[in-house]
Amino acid sequence: MSALHFAIMDKQKSIEKYNKLDRGKLSKVFDKPPKTVEKKNQDKSQKKKPSSKKTNKFTQHLYIQGSKICLELNNKGFREIPEGVFEFPDLNCLFLVNNDIDRLPDSFIYLANLEALVLTGNNIHVINRHIFELPKLQVLDLSNNEISTISPEISGLQSLTQLLLNGNRLESLPYTIGDMSQLRVLGLNDNILTSLPDSIAKLEHLQILALERNMLEFLNPSVCKIESLRRLGLSGNKMSNLPHEIEGMVDLQQLLLDNNQFQFIPIQIFWLHELIELSFSGNKLTQIQPDIENMTKLKVLGLNHNQLTDLPHELMQLNQIEILALDNNCLRSLSEDIANLYCMKELDLGSNNLTELPDSISLCCNLEILSVVNNHLTKLPIELGTLQKLHTLLISQNEFTSIPVCVGALRVLQVLAAEDNQIEEVPETFAGLLFLKHFNLSVNRISSFPLAICKVTSLEVLDVSCNNLLSIPNEISDLQNLKVLNLKENLLVEIPPQLYSLSKLHGLDLSDNSLSYVPINVCEMTSLNELNLSNNKFFEFPKEVCGVPNLVTFKFDQRNGVKISSLPDEIGLLKVKELVVSHNTLRTLPKTISKMVNLTHLYADHNEIWILPDTFCQMQKLQLLHLNNNQLTSLPKDFDQLILMRDLRLYDNQLKVPPMDVCVSGVLQPIGLFLRKAFRREELLLERMFHSIKDDLTKSQLRALMKKLKVPEEHIMELETRFAGRDQLPERIIASLRHWKDYFGPMATIDELIRITHIISFDHVSSKLKTMKIFAQRLRL
């Protein structure tokens, strides 16, 4: 099989892999670094696209792999295929993945040497018939498009070995599909097929047929005539039985029937003696027939998410099984015969009704992964410690009161999940786990940090959240390989100083404790990238965090904590990309927030923010901004300069400029257009108001107004000196109000001026200003 063909089977590496077949992907043709493309001699008889200057810009994306000339233009945002692409007549492989192409041009006739065409993730509705005339095409991948029909002319691709149409809208296949005699891989996952043509039986070289997640209620018996078939994927359909002809598919190696409506395993399946993988997860099976003993070559068996209450003795005789998934059933016990499955590497028994495991499980000497999550276990067999290849043990959501002693004997254990039990202690034998990297002890009853944990110096991720810890021992500083530490929802009143010496720590969660301050030493945590201090008892924003040199994400959401009313000017020193200050009582954001030059994500929802500083619009790296559930009435006039914004949420505010119906879409262009017009109108109206009241105030009234508007005293005196005398009083009034507007910027609004004149009982002035405002609004209407 050539390098352009699919591998028939990949080695299974985890229990989940049999649950679904990955969408068809082109086998990697290119394993070596790109080389410079040298021009080949052209066949003079071949159609040639007239050259253009555009060709040059695509040559940098050309490379040679082996003897193949390849052009890769993935993720370029193309709406159509550039004409320059068709000026490479010797091109063998063309990749245009994840663009927005909706049309295929006739120019494909110029690519007569094309062997692989990959157009996944576009917006193509129709396949141009000229593609069906490419004589050398071996691989055609049009997955994840909008194709609803396939022309019968597709049979013209007589060299095609892989046809991948996953993730489209196909309801049927053309009858001529059977004439594609060289086809080896046919990918039709994630369509809406209800039937298959009888002609499919003619695909005598087909090895992989992927029909997962369609609308099939029955399998056409013609499929069973394809003797070459090795992998048949039928998961995610509506099948409850299979045609009896399936018994003839004696060379079938993989049969995937997950998430259908089977209540029993069709008896004919047990005659498929070459099966290596059989997956029936997500059905309605209540029992497994003894005939399963015939499937002696089975290595992967998926029976999870069914209604099994017990397992037949015959299943335990399948001694070639490597992966066995039995989770999410109703099993109450496990037979001692499980010892016969000595080749088993992965066993999933999660979400059953098990109260104990048989001692004989220790004889499954090749076991690498064992999951007994969500059962009713209180202990594990002491013999389990002899499983010297076990590297992952999942015992979460059971009824353990202590980490089982046998766990300490698992010398190669790397992952131990024990969350959501009733564990109060960790035995000293735990210190023997010299290779443990991930340990989850969250949601238990630990009140004193177990010292045995501090001796496992290989630990990289430690989760002891949701316990009753009051303090952390000094010995935790021995965990010099620790990268992530979760102390969420404990009873800590201070950040343990021992943490500052953990030189590799990049993730620290201290949320939902009783912290009230952050020591200056926190800046010593030079590797720290993510810090969560949400839901604590801080009375002000911890400025010390601003000194953490490499912080990328800082979370300070106080939904269930003590809320703060302001952010300090030092916030500008933070180098984070993501800042969360939701659920506080912030009234505004400091001007210095614009100095956070790395910030791309800002969550400030559920506060009391009523105004944003003008400098906010300088944060041009912002991509996400959540300001919903605040008290905003307007946005800064240059708000549309946030050109990278992709996620803007402003709902549940009191926005008037612009109004909510303009902001609801989160699109900046209409917001900016409205703002520019609105602010220009506001400026003109304010200026008219200043002139209209220039003769309505006395010298003392002007001074009282300026004081109430919070203009500094020295500024008032300067204006009085500049415009001295009764004759210059009108000019002083206008100049003073202009100064107020310039000094306070966006906070100097018409509404504020009306409000202040009303407060100090300048009723005639206030009334005049209100009238002008109403009249201006009516004119706009």
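**Exercise 1. Secondary structure and overall burial**

Task: State how many helices and strands the chain has, then describe its burial, contacts and surface.

Solution.
Step 1. Count the elements. The chain of this predicted model holds 8 helices and 27 strands.
Step 2. Turn to burial. The chain has 781 residues, and 53% of them are buried.
Step 3. Check the contacts. Take contacts between residues at least 6 apart in sequence: 34% of these join residues at least 24 apart.
Step 4. Add the surface. The accessible surface is about 35,400 Å². Carbon and sulfur atoms account for 49% of that area.

**Exercise 2. Helix 4 against helix 5**

Task: Describe how helix 4 packs on helix 5, from axis geometry to residue classes.

Solution.
Step 1. Choose the descriptors. A packed pair of helices is described by the angle and the distance between the axes.
Step 2. Read them off. Helix 4 covers residues 699–708 and helix 5 covers residues 713–722. Their axes come within 10 Å and cross at roughly 150 degrees.
Step 3. Classify the angle. The cut-off for roughly antiparallel is over 145 degrees, so helix 4 is roughly antiparallel to helix 5.
Step 4. Assign the hand. The crossing of helix 4 with helix 5 is right-handed.
Step 5. List the contact residues. Helix 4 brings R703, M706 and K707. Helix 5 answers with E713, I716, M717 and E720.
Step 6. Sort them by class. The contact of helix 4 with helix 5 has 3 nonpolar and 4 charged residues, and no polar ones.

**Exercise 3. The loop between helix 4 and helix 5**

Task: Find where K710 lies, give its phi, and decide whether K710 is buried or exposed.

Solution.
Step 1. Locate the residue. K710 sits in the loop that runs between helix 4 and helix 5.
Step 2. Inspect the backbone. Phi of K710 is near 70 degrees, a positive value, and the residue is not glycine.
Step 3. Judge the exposure. The relative accessible area of K710 is 64%, so K710 is exposed.

**Exercise 4. Helix 5 against helix 6**

Task: Repeat the packing analysis for helix 5 and helix 6.

Solution.
Step 1. Set the geometry. Helix 6 spans residues 729–744. The axes of helix 5 and helix 6 cross at roughly 150 degrees and come within 10 Å.
Step 2. Classify. The two helices are therefore roughly antiparallel to each other.
Step 3. Assign the hand. Helix 5 passes helix 6 in a right-handed crossing.
Step 4. Name the residues. On helix 5 they are H715, L719 and E720. On helix 6 they are R732, A735, S736, H739 and Y743.
Step 5. Sort by class. The contact of helix 5 with helix 6 has 3 nonpolar, 3 polar and 2 charged residues.
Step 6. Link back. E720 of helix 5 meets helix 6, and E720 is also listed in the contact with helix 4.

**Exercise 5. A strand residue and its contacts**

Task: Describe the surroundings of L416 in strand 17.

Solution.
Step 1. Place the residue. L416 belongs to strand 17, residues 415–417.
Step 2. Judge the burial. Its relative accessibility is 1%, so L416 counts as buried.
Step 3. Collect the contacts. Residues up to four places away in sequence are not counted. L416 then touches L393, I395, V407, F430, L436, H438, F439 and N440.
Step 4. Take one pair. F439 is 23 residues from L416 in sequence, yet their C-alpha atoms are 5.0 Å apart.

**Exercise 6. Four loop residues**

Task: Place T592, N374, N521 and K455 in their loops, and classify the accessibility of each.

Solution.
Step 1. Start with T592. It lies in the loop between strand 24 (578–580) and strand 25 (601–603). At 16% relative accessible area, T592 is buried. Beyond neighbours within four places in sequence, T592 contacts P568, D569, I571 and G572.
Step 2. Take N374. Its loop runs between strand 15 (369–371) and strand 16 (392–394). N374 is partly exposed, at 34% relative accessibility. Phi of N374 is positive, near 60 degrees.
Step 3. Take N521. Its loop joins strand 21 (507–509) and strand 22 (530–532). At 31% relative accessible area, N521 is partly exposed. N521 and E544 are 23 residues apart in sequence and 8.3 Å apart, C-alpha to C-alpha.
Step 4. Finish with K455. This residue is in the loop between strand 18 (438–440) and strand 19 (461–463). K455 is partly exposed, at 48% relative accessibility. Outside four places in sequence, K455 touches E428 and A431. E428 is 27 residues away along the chain, with 9.4 Å between the C-alpha atoms of K455 and E428.

Methods: Residues numbered from 1 in each chain as written. Predicted model: local features only at pLDDT ≥ 70, side-chain atom pairs only at ≥ 80, totals over all residues. Heavy atoms only, no water. Axes fitted to C-alpha atoms, helices over the stretch in contact; angles between N-to-C directions. Helix = DSSP H or I, 4+ residues; strand = E, 2+ residues; numbered from the N terminus. Parallel < 35°, antiparallel > 145°, perpendicular 65-115°, else oblique. Left-handed = near helix turned anticlockwise from the far one by under 90°. Contact = heavy atoms within 4.5 Å. Nonpolar A, V, L, I, M, F, W, Y, C, P; charged D, E, K, R; others polar. Buried < 20%, exposed > 50% of the residue type's maximum accessible area, 1.4 Å probe, protein only. Areas by Shrake-Rupley, 256 points an atom, 1.4 Å probe, with all protein chains shown as cover.
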